[in-house]
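Please go through the sequence and the structure shown here together with the report that follows, which takes up the contact between domains, the metal site and the charged pairs in turn.

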Amino acid sequence: MAVETADLPAPRGPLTDALVRALREPAGSDRALDAAGRAAAGGGALEDDVQLALHLCYELHYRGFRDVDAAWEWNPGLLALRARLEDRFLAELRALTPAADVPDALDALQVEYADERGASHHLADEGSLGQLREYLVHRSMYQLKEADPHTFAIPRLSGGPKAAFMAVQFDEYGGGRPERMHARLFADLLEEAGLDPSYGAYLDAVPAPMLAITNAMSLFALHRALRGALVGHFAAVEVTSPPGAARMVAALRRLGIGERGQRFYAEHVEADAVHEQVMRRDVVGGLLAAEPELAGDVAFGAGATALLERRLDDHLLGCWRESRSSLLRPVDEPAESAEPAEPAGAA
Ligand SMILES: [Fe+2]
Ligand SMILES: [Fe+2]
């Protein structure tokens, strides 16, 4: 079976207009790339044109795009363009992320995540089925390749932290059972919600706040120099996951998504409580014992993750407050297979 890839998306500005045009040509057709290079200085680093351009550059290292020459992945001109965009993105993230030490950064996340009302609180309490489906569409950008960015860290770690990191990854990839892979469980959830589970199906619908979350993972993942930030990011995800996942299970039940669709978040309530401990003690603790100079970057990775998640929450809640969609294009209405709502409180 062929690996599932996405179609090239519609451009969102002069940069992605030129870049999409370049990617339709064989790798090394530098004329279109020159136009992208000229456009690379413009646009906000966290805005749609730059974030979609970064997504295009990074996706070449995962599954690529349908009908795009795989040789673009290591094209020097494309890598030079990516480096310019990354410099701007990283500078912006560093400027916006408050400095903290590592235990404080992780503890603060736990407290804030429990207290601040984010999208998962809204969905658990009062959000509509349409808002839940929008949320799943945003998350599909990462969850359908869940754990893949972090896998790039493995050759960059050694000893105890590497073994512990692998133990977490083994769970993320289903412990040897494809039907238990977290990405597969998320695809099942999309199906149960009447959404398209294909990889990258909603790229054209997902705006910059979510693309920035996955792009930050890839930025940290693809630079050995940023391995501390990647570990900090992963630790932040595991620390905040169990309470958020529990709220999502409540939201899915309340909105009538059946048991098969609940498995993804239910699994994260259980598994991430264990992963959090492993990440804190064995991965972060072990890494900093061996390389204490990485502490600043571990805290930066955790803080930047919190910052980007908060921006997504602000975007979602802001749109929903005004009764508008948080997506760039509407997604189809639920398929008829979506199950009828269960009474509130039903298991
Ligand atoms: Fe997971
Ligand atoms: Fe996990």
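## The interface between the domains

In this predicted model, domain 1 and domain 2 bury about 1900 Å² between them, and carbon and sulfur atoms give 67% of that area. On the side of domain 1, the residues that lose the most area to domain 2 are His-55, Tyr-62 and Leu-93, which together account for 33% of what that side buries. The domain assignment places domain 1 at residues 14-93 and domain 2 at residues 100-321, and the contact draws 18 residues from domain 1 and 24 residues from domain 2.

The centres of domain 1 and domain 2, taken over C-alpha atoms, are separated by 25 Å. Across this interface one salt bridge is found. Elsewhere in this report the salt bridges are treated by pair, and one of them joins the side chains of Glu-59 and Lys-145, with an N to O distance of 2.9 Å.

## The iron site

Which residues of the protein donate to the iron ion (ligand 1)? The donors are Glu-146 and Glu-172 through OE atoms, His-182 through ND1 and His-268 through NE2, and they lie 1.8 to 2.2 Å from the ion. Along the chain, these donors of the iron ion (ligand 1) follow the spacing E-x25-E-x9-H-x85-H. Two of them, Glu-146 and His-268, link distant parts of the chain, since Glu-146 sits in the loop between α7 (129-143) and α8 (148-151) whereas His-268 belongs to helix α13 (residues 259-290), 122 residues apart. Both Glu-146 and His-268 are buried.

The angles among the four donor atoms of the iron ion (ligand 1) run from 85 to 170°, and the site is classed as irregular. The upper end of that range is outside the tetrahedral class, because four donors count as tetrahedral if all angles lie between 85 and 135 degrees. Glu-172 also bridges the iron ion (ligand 1) and the iron ion (ligand 2), and these two ions lie 3.9 Å apart.

## Salt bridges between distant parts of the chain

Side chains of opposite charge can pair when their charged atoms come close. The structure holds 20 salt bridges, one of which joins Asp-7 and Arg-66, whose closest N and O atoms are 2.6 Å apart. This pair links distant parts of the chain, with Asp-7 in the segment before α1 (14-23) and Arg-66 in the loop between α3 (48-59) and α4 (76-96), 59 residues apart. Asp-7 counts as partly exposed at 48% relative accessibility, and Arg-66 is likewise partly exposed, with a relative accessible area of 38%.

Another salt bridge is formed by Glu-309 and Arg-139, with 2.6 Å between the closest N and O atoms. Glu-309 lies in helix α14 (residues 295-321) and Arg-139 in helix α7, so that the pair ties together parts of the chain 170 residues apart in sequence. Arg-139 has a relative accessible area of 11% and is therefore buried.

## A charged network around helix α10

Arg-184 and Asp-188 form a salt bridge in which the closest N and O atoms are 2.8 Å apart. Because they are four residues apart in helix α10 (residues 182-192), about one helical turn separates Arg-184 from Asp-188. How accessible is each partner, Arg-184 and Asp-188? Arg-184 is partly exposed, with a relative accessible area of 35%, whereas Asp-188, at 8% relative accessibility, counts as buried. Arg-184 and Asp-188 also belong to a network of salt bridges that links them with Glu-191, Glu-192 and Arg-260.

Key
Residues numbered from 1 in each chain as written. Chains lettered and ligands numbered in written order. Predicted model: local features only at pLDDT ≥ 70, side-chain atom pairs only at ≥ 80, totals over all residues. Heavy atoms only, no water. Donors = N, O, S within 2.8 Å, 3.2 Å for Na, K, Ca; no water. Tetrahedral: all angles 85-135°; square planar, octahedral: opposite > 155°, others 65-115°. Helix = DSSP H or I, 4+ residues; strand = E, 2+ residues; numbered from the N terminus. Buried < 20%, exposed > 50% of the residue type's maximum accessible area, 1.4 Å probe, protein only. Domains from an automatic or database assignment. Contact = heavy atoms within 4.5 Å. Buried area = accessible area lost by both parts, 1.4 Å probe. Salt bridge = Lys/Arg side-chain N within 4 Å of Asp/Glu carboxyl O.
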